[in-house]
Each structure stands twice: as C-alpha cells, then as structure tokens.
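Reader: I should like a close look at one part of this model, namely the surroundings of its bound ligands. Please describe the contacts there in a connected account.

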Amino acid sequence: MALLEVRNLEVSYGPVNVLKGISFTIEKGQIITILGANGAGKTTTLRTISGLVEPEKGNIILEGQEIKGFEPDRIVRLGISHVPEGREVFPDLSVYKNLLMGAFINSDARVVAENLEMVYHYFPLLRDRSSQHAYTLSGGEQQMLVIGRALMSKPKLLLLDEPSLGLSPKLIKTIFGIVRRINEEESTTILLVEQNARMALEVAQHGYILEVGRMVMDDTTERLKQNEDVQEFYLGMQEHGIRGTRRWKKKKMWR
Ligand SMILES: Nc1ncnc2c1ncn2[C@@H]1O[C@H](COP(=O)(O)OP(=O)(O)O)[C@@H](O)[C@H]1O
Ligand SMILES: [Mg+2]
C-alpha cells in the first residue's frame, strides 16, 4: 500500500482554481519531488495535505485512511510533518525551544529527549546553538532548524517546501545531503517541492512536474533528467527565467 495517495485534488482560492485535479502517489521510503515554477501550486499542494487549506474535491489517503478535512494537528499526529516555505522560526525563542515546539504531539519527556538527540545527530550545529535566539541564525541554519523542528514529531512523511530557496549551492548540497541521510537512516519518506530542479532531481527517486495546477509529467528522476524537454525547458528555465516556461507551454506537453 502506498504511504500517501492524492487523487484528483482540486483547490481554489475564491474564484481562482489553483489545483485542477492533481494526482500522485508516494511509496513508503521514497524521496519524491514535485517540480514547478513559481505559482504552479506547489505550496498549495503541501498546505492541502497538511490540512491548512481545504480542497474542493479529491482524496488524500494516508496508509489507506482518508485524511481530507482533518485538523492540522491531527494530521501531524498521524505522521505527516510540514516544513513550510520561508523558514518560519520563532525568532525570539531559543533554538532549543523552537525544537520543542515541534514536539507538541508528545507528552512523554523521554520520547521528546530521544527525538531531540536524533535531531542533534543530523544537525550538530543546532546543539551548539541551542541556547541562542533563532533570529541570530543564518538563513541556512534557520532552514536546518525548521527541518529539525519538523523531525521532532518523528514523522512518517516529511513535507519540504523549497528548502533551497535563497541558499548558496554549497549549503543546498549540505542540506540535501542531510535530507538523504534522514531518509535512509530513519526511513522517513520525503516529499520535496522545489523550483531548483537540478538539485531536487539529484536527491529524489521519483519526480512529478506541476504546471499551473496540473501534473504534466510523472517519471523516475533518472528518466526525467534524460528527457530532452526537461533538460531544455525545465532545467534551462533556471538560467533563462520565465522564457523557459512560455516555450514549455508552447510545446504542448500536456497529458
Ligand atoms: N492564500 C491565497 N489566496 C489567493 N491566492 C493564492 C493564495 N496562495 C496562493 N495563491 C495563488 O495560487 C497560485 C499557486 O500558489 P502556490 O501554491 O504558492 O504556488 P508555488 O508554491 O508553486 O509557487 C498562485 O497563483 C498564487 O498567487
Ligand atoms: Mg511555494
């Protein structure tokens, strides 16, 4: 059974239809990526899975159970943890207290201490900085903190919203390396949404491409990387900005 199955998901903000019936599957243990330009609907997809946005239609099935319409905290308790875009730390709280915020589903102090050790194992820097205010951290360190905070509930499925945004290539490599280790060592399944196609295709095994609310491609990342259209129109897009998007559309790659 798939860990998560999203079927024909439709989401609108007022009159604007933003997700036009998207479907995808996440198998246990995988890292999958959803690639898409700015405004494609990536964040909306993650927010809908987390219960922060209510879909109009469709199904969100976690291990065979329909979770659509559940409250966000219930979804966390069922094993889905969301790292929102934009590194939303609690700036005036210490690193340690920020991490504890991610442990709200646990009342057992021993489990919380264990999870904290697990987070410090992947992000030793957070242990060194544990008493510092979160606002004193650099962008990369804040990204580590929000991933660490999401891990405090020991999720089955970790949703990552553009962790690479605004970070140096070197830092992106470091963070994606840690994400891969978490996937391997904790068996945490990961859904990564990214504009940075190059890096995301390196770290994930399976990829989907989202274009203005519709999935236009679904394949292994090996095959996506070799796909001429992905190379030309998608990977090239990072160098040529919006132009790539227009040409992509012209080629009528819609399914
Ligand atoms: N709260 C909102 N209210 C109205 N429109 C929104 C809201 N959030 C996102 N949108 C619009 O929905 C579309 C998809 O946005 P989003 O899911 O943030 O895309 P992405 O994360 O791929 O950049 C965009 O056109 C965006 O302007
Ligand atoms: Mg977004």
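Author: The account below takes ligand 1 and then the metal ion. The model is a predicted one, and every value given here is computed from it.

The shell around ligand 1 consists of Y13, V18, A37, N38, G39, A40, G41, K42, T43 and T44. Sorted by class, these residues comprise four nonpolar, five polar and one charged. Helix 1, which spans residues 42-49, makes the greatest contribution to this shell, with three residues.

Polar contacts to oxygen atoms of ligand 1 come from both side-chain and backbone atoms. In the side chain of N38, an N or O atom is 3.3 Å from an oxygen atom of the ligand. For G39, a polar backbone atom lies 2.7 Å from an oxygen atom of ligand 1. A40 likewise takes part through its backbone, where an N or O atom is 3.2 Å from a ligand oxygen. Of the 560 Å² of accessible area that ligand 1 has on its own, the protein covers 56%.

Ligand 2 is a magnesium ion, and its protein donors are T43, through OG1, and E85, through OE, at 2.0 to 2.6 Å. These two donors join distant parts of the chain, being 42 residues apart: T43 belongs to helix 1, whereas E85 sits in the loop between strand 6 (80-83) and helix 3 (95-101). E85 is classed as partly exposed because its relative accessibility is 33%, a value between the limits of 20% for buried and 50% for exposed.

T43 thus appears in both settings: T43 is one of the residues around ligand 1, and T43 is also a donor to the magnesium ion.

How values were computed
Residues numbered from 1 in each chain as written. Chains lettered and ligands numbered in written order. Predicted model: local features only at pLDDT ≥ 70, side-chain atom pairs only at ≥ 80, totals over all residues. Heavy atoms only, no water. Near = heavy atom within 4 Å. Polar contact = N/O pair within 3.5 Å; in protein donor to acceptor, adjacent residues only side chain to side chain. Areas by Shrake-Rupley, 256 points an atom, 1.4 Å probe, with all protein chains shown as cover. Helix = DSSP H or I, 4+ residues; strand = E, 2+ residues; numbered from the N terminus. Nonpolar A, V, L, I, M, F, W, Y, C, P; charged D, E, K, R; others polar. Donors = N, O, S within 2.8 Å, 3.2 Å for Na, K, Ca; no water. Buried < 20%, exposed > 50% of the residue type's maximum accessible area, 1.4 Å probe, protein only.
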